[in-house]
Amino acid sequence: MSPSADPVVIVGGGIAGLAAAYELHLRHVPFVLLERATRLGGVIRTERVGGFTIDGGPDSLLVQKPAAIDLCRALGLGDRLFPTTPPRTAFIVRGGVLHPLPEASVLGIPTRLLPLATTRLFSTRGKLRMAMELALPPRPPSAEREDESIGSFMRRRFGDEAVTYLAEPLFAGIHSGDVERLSMAALFPRLLQAEQRYGSLIRAFRAMRPRGDQQGAFRSLPGGLEEMVTRLVAALPAPALRTGATVDRLDGHGPFEVRLTSGERLSADLVVLAAPAHRVAAIVEPIDAELARLCAGIPYVSSATVALAYAREAIRHPLEGSGFVVPAAEPGWRIMAASWVSSKWPQRAPAGSVLLRAFLGGARKPEILSEDDETLRRVAHDDLSKVLGIRGEPTLALIHRWPLANAQHEVGHRQRLRAVEARLAHLPGLHVTGSGFRGVGIPDCVADGRAVATTVAAAWEAAARRKTPERPT
């Protein structure tokens, strides 16, 4: 392909930006990626301390959404992916006690009535209301285009108790958000589709639940998820990756002038903004105030992870499972959830040691992130001790703070995204990707980054053809 077309400029070196860069590289499209931090990978970060392998952000890839798994395979990491260690039981706190999710449940939703009937997680009344879901009609087709919150959906299908002890800590907790504000259509569209197809989620999950010996829903890498970022970066041309490069604004309407805080200016016909929506808002303000307003309206929350290590004999609990979540209704708790890292991934801790990870902040308790690291460590230790029987202090503590890193796809997000895309249609060559827009997890960001890059590559090739002088005949 002719080198006469300008390189594509990618702003943002998180997983969406890197995935876009990878797709462009595969298609032989030149690019430059600008990342304001001193490292690439965004919230994917792994540290190795004292024999422990600690993911500061996400620690696994969802198999059901294969884009990230496929990327790992393309990078030669397929044989390094491994599943969580059984048993994969998740627990929910109720009344200060850890209750396992009912056997054969999917996202806590039962697929068999006997485990639901025998669980102590729900009251008798709550169980009966949940079982009634089998007899409830689906939402009328006329209402399909109306967005609803996760809380509204789960209350409609399963009742109030299911909202309190399933939807809030599990569905909304995944996103550190508010169960009454997060959008079902944006975050869990497959559940809406299942409701329409089967008339009941219980019936849908019965039909769709895999049979036989399964390896669980998640995969990781021995060196932590940053192993994927390291391999991805190594597959890209090093001169095209620039860290410590902060983009201040865009000017022009194609070609665009990409202005950096250093004073440097780059010209580009094609720009991919793979930054958080609030950063995108600031960058595009000079060329489209309405687009900036729409992007600025996508909310974000902050969170933190606290990794704590203990000697195995210091913890009474058997730690057989993956961890637990804490409903907001449970009094006296300050963490949102905890992961038993060394139970899920035994390679992450030395023999004789246990690695745990607590999650704090989010929409539920944003104020806790104003506390210093020692306070966060103490909060995590004290809350974990309530249910795990911990004796003594941790042998290691590592805290990662993620300010305004959790995008909140609230009710109306799809409509906002359509409005964003309508504004972009008036700015040919400008594209957005990342967790603030079309997907919040690693697989979604990988898929969207590569999809956007595919569109950009086609435009670049067309521009290259236009700019290539015709040979004289």
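The following exchange goes through helices, cores, salt bridges and a sheet of this predicted model.

Biologist: What are the ground rules for the numbering and for the model?
Modeller: Residues count from 1 along each chain as its sequence is written, and side-chain values use heavy atoms, with hydrogens and water left out. The model is predicted: local features need pLDDT of at least 70, side-chain atom pairs count only at pLDDT 80 or more, and totals for chains, interfaces and linings use all residues.

Biologist: How far does helix H14 reach from its first C-alpha to its last?
Modeller: Helices (H or I, at least four residues) and strands (E, at least two) are DSSP runs, numbered from the N terminus. H14 covers residues 373-388, which is 16 residues. The expected span is 1.5 Å times one less than the number of residues. The model is close to that expectation, at 22 Å.

Biologist: Which strands help cover the buried residues of H14?
Modeller: Buried means under 20% relative accessible area, exposed over 50%, partly exposed in between (1.4 Å probe, protein chains only). Among the buried residues of H14 are Leu376, Val379, Leu384 and Leu388. Cover is counted by contact, meaning heavy atoms within 4.5 Å. The covering elements include strands E8, E17, E18, E19, E20 and E21.

Biologist: Which residue just after H14 takes a positive phi?
Modeller: H14 ends at residue 388. Just after the helix, a phi of about 65° belongs to Gly389.

Biologist: How far apart are N and O in the salt bridge of Asp382 and Arg378?
Modeller: A salt bridge is a side-chain nitrogen of Lys or Arg within 4 Å of a carboxyl oxygen of Asp or Glu. Asp382 and Arg378 both lie in H14, four residues apart, about one turn of the helix. An α-helix has 3.6 residues a turn, so residues three or four places apart point the same way. For Asp382 and Arg378, the N to O distance is 3.2 Å.

Biologist: Is Asp382 buried or partly exposed?
Modeller: The relative accessible area of Asp382 is 29%. Its salt-bridge partner Arg378 has 30%. Because 29% falls between the two cut-offs, Asp382 is partly exposed.

Biologist: Which residue forms a salt bridge with Glu161?
Modeller: Glu161 sits in helix H6, and its partner is in strand E7, 67 residues apart. Glu161 counts as buried at 18% relative accessibility, whereas the partner is partly exposed at 23%. The closest N and O atoms are 2.7 Å apart, and the partner is Arg94.

Biologist: Where does Glu264, the salt-bridge partner of Arg242, lie?
Modeller: The side chains of Arg242 and Glu264 meet at 2.7 Å, N to O. Arg242 is in strand E12, 22 residues from Glu264. Glu264 is in the loop between strands E14 and E15.

Biologist: How many salt bridges does the count come to?
Modeller: Some of the charged residues form a network: Glu133, Arg139, Glu146, Glu148, Arg156, Arg157 and Glu195 are linked. By the salt-bridge rule, the count comes to 36.

Biologist: Which residues touch the most other members of the largest nonpolar core?
Modeller: A nonpolar core is a set of buried Ala, Val, Leu, Ile, Met, Phe, Trp, Tyr and Cys residues joined through side-chain atoms within 4.5 Å. The largest has 44 residues. The residues that touch the most other members are Val8, Ile10, Leu24, Phe31, Leu61, Met228 and Ile442.

Biologist: Which element gives the most to this core?
Modeller: Elements that give two or more residues include strands E1 and E2 and helices H1, H2 and H10. The top contributor gives nine residues, and that helix is H16.

Biologist: Which residues is Leu24 in contact with, leaving aside neighbours within four places in sequence?
Modeller: Leu24 is among the residues that touch the most other core members. Its contacts are Val8, Ile10, Val29, Phe31, Ala453, Val456 and Ala457.

Biologist: Why does Thr84 count as buried?
Modeller: Thr84 lies in the loop between strands E6 and E7. Its contacts beyond four places in sequence are Gln215, Phe218, Lys344 and Trp345. Thr84 counts as buried because its relative accessible area is 10%.

Biologist: What is the strand order of the open sheet of three strands?
Modeller: Two strands pair if DSSP finds at least two bridges between them. E13 and E14 pair over four bridges, in the antiparallel sense. The edge strands, E13 and E15, each pair on one side only. The order is E13-E14-E15.
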